[in-house]
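The following questions and answers introduce the reader to a single protein model. Please keep the sequence and the structure in view while reading.

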Amino acid sequence: MRTRSIVAVLVIVALGWVEAQSLNYRDPRTPRSADGSANLSAPAPRLNGKPDLSGVWQAERTPVSEFVRVLGPGLPVVQPDLNDVTKHVINVLWDVPPGEQPLRPEAAALTAERQKSGRDFQTAYCQPSSLPAAMLVLDFKMIQAAGEIVVLAGNGDPARQIYIDGRTLPKDPEPSWMGSSVGRWQGEMLVVETTGFKESAWLDAFGHPRSEAMLITERYRRRDFGHMDMEMTFDDPKYYTRPFGFKTTLTPIPDSDVLEYVCTENQKDNVPVPR
């Protein structure tokens, strides 16, 4: 995999870092330890009898040593912001051994073609990262209400609306970057199904494809105030021989928020550089 493509995925991270800084607002809803810090082991808050998933969250980061082991020692030299993404942004099949990857021949050919084309992951052109990257780059905010959950991505992706009012997925959704989402509670776990993606949106920086019919299932279980399990499963019979996915842990960023970030394609700096 070209280092250039990986760097392109992270360009938006480097540009958006200032915008994503904490507001340092002391949220009165955050449980506190004796020293005033957030008590991450406190019970999870609840809303209408269910766990309240609201808050600013960040996916567990991949150690730089893991990036180096797989992608080589040169990557941290050209890209210092590896701690702002996870390995599944780079390759959604990161944990699957090469001989066991469920790629159909069409998917393998399209992935290889994209890697040879000179094009990069869509964030390099100021297009939305889509799922799963929107949940794995920088941070994101969940706002839970009675009938829906709104997800605001810290990397500038469009907002997601996850309806939890009993409706089903649309039969013929308009293809979009973030898809159409519905959720339901299974006990203490929220199960979210999303489909209706733009087929032009890459699944990851490696260029793995998706079809409009891809179904992404997310499972969220908030164990306590400071830990939430997230599992993502991808099901797309057009390009993959079986469903596959990954698991990660989300941790909150207390007393913080996501701020507006706008990416302008081909933006140029007109300030003269002293010679």
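The questions below concern a predicted model.

Q: How many helices and strands does the protein have?
A: The protein is a chain of 275 residues, and 45% of them count as buried. Among contacts between residues at least 6 apart in sequence, 60% join residues at least 24 apart. Its regular elements are five helices and 11 strands.

Q: Which element gives the largest share of the largest nonpolar core?
A: The largest nonpolar core has 50 residues, and Met135, Met142, Tyr220, Phe234 and Leu250 touch the most other members. Among the elements that give two or more residues to this core are S3, helix H4 (87–90), strand S9 (215–224) and strand S10 (227–235). The largest share, four residues, comes from S10.

Q: Is methionine 142 buried or exposed?
A: Methionine 142 is found in strand S4. A residue is called buried when its relative accessible area is under 20%. Methionine 142 has 1% relative accessibility, so this residue counts as buried.

Q: What distance separates the C-alpha atoms of methionine 142 and valine 56?
A: Leaving aside neighbours within four places in sequence, methionine 142 is in contact with residues including Leu53, Ser54, Gly55 and Trp57. Along the chain, methionine 142 and valine 56 are 86 residues apart. In space, their C-alpha atoms are separated by 6.5 Å.

Q: Which element gives the largest share of the lining of the largest pocket?
A: About 480 Å³ of space lies in the largest pocket. Two elements give two or more residues to its lining, namely strand S3 (55–59) and strand S4 (140–144). The largest share, three residues, comes from S4.

Q: How many residues of the lining of the largest pocket are nonpolar?
A: The lining of the largest pocket consists of 21 residues, and Asp27, Arg29, Ser54, Gly55 and Val56 lie nearest the centre. Seven of the lining residues are charged and four are polar. The nonpolar residues in this lining number 10.

Q: Why does aspartate 27 count as buried?
A: Aspartate 27 lies in the loop between helix H1 (3–16) and strand S1 (46–47). Beyond its neighbours within four places in sequence, aspartate 27 is in contact with Arg32 and Asp255. The limit for a buried residue is under 20% relative accessible area. Aspartate 27 counts as buried because its relative accessible area is 16%.

Q: What is the relative accessible area of aspartate 255?
A: Aspartate 255 is placed in the segment after S11. Its phi is near 60°, a positive value in a residue other than glycine. Aspartate 255 is buried, with a relative accessible area of 19%.

Q: What kind of aromatic pair do phenylalanine 67 and tryptophan 94 form?
A: Phenylalanine 67 is in helix H2 (residues 64–71), while tryptophan 94 is in the loop between H4 and helix H5 (105–116). Both phenylalanine 67 and tryptophan 94 are buried. Their ring centres are 5.7 Å apart, and planes over 60 degrees apart count as edge-to-face. The planes of these two rings stand at 85°, so the pair is edge-to-face.

Q: What kind of aromatic pair do tyrosine 240 and phenylalanine 244 form?
A: Tyrosine 240 is buried, with a relative accessible area of 1%, and phenylalanine 244 is buried, with a relative accessible area of 5%. Ring pairs link these two residues with Phe234 and Phe246 into a cluster. The rings of tyrosine 240 and phenylalanine 244 have centres 4.9 Å apart and planes at 55°, so the pair is tilted.

Q: Which residues does a cis peptide bond join, with omega about 10°?
A: One partner, proline 132, has its place in the loop between H5 and S4. The cis peptide bond, with omega about 10°, joins leucine 131 and proline 132.

Q: Is proline 45 buried or partly exposed?
A: Proline 45 is found in the loop between H1 and S1. Leaving aside neighbours within four places in sequence, proline 45 is in contact with Lys50, Pro51, Asp52, Arg222 and Phe225. Partly exposed residues fall between the limits of 20% and 50% relative accessible area. Proline 45 has a relative accessible area of 29%, so this residue is partly exposed.

Conventions:
Residues numbered from 1 in each chain as written. Predicted model: local features only at pLDDT ≥ 70, side-chain atom pairs only at ≥ 80, totals over all residues. Heavy atoms only, no water. 1 Å grid on protein atoms, 1.4 Å probe; cavity = no way out; pocket = protein on both sides within 12 Å on 5 of 7 lines; lining within 4 Å. Points joined across faces, edges and corners; volume = space filled by probe spheres on them. Nonpolar A, V, L, I, M, F, W, Y, C, P; charged D, E, K, R; others polar. Core = buried A, V, L, I, M, F, W, Y, C linked by side-chain atoms within 4.5 Å. Buried < 20%, exposed > 50% of the residue type's maximum accessible area, 1.4 Å probe, protein only. Contact = heavy atoms within 4.5 Å. Phe/Tyr/Trp six-rings, centres within 6.5 Å; stacked < 30°, edge-to-face > 60°.
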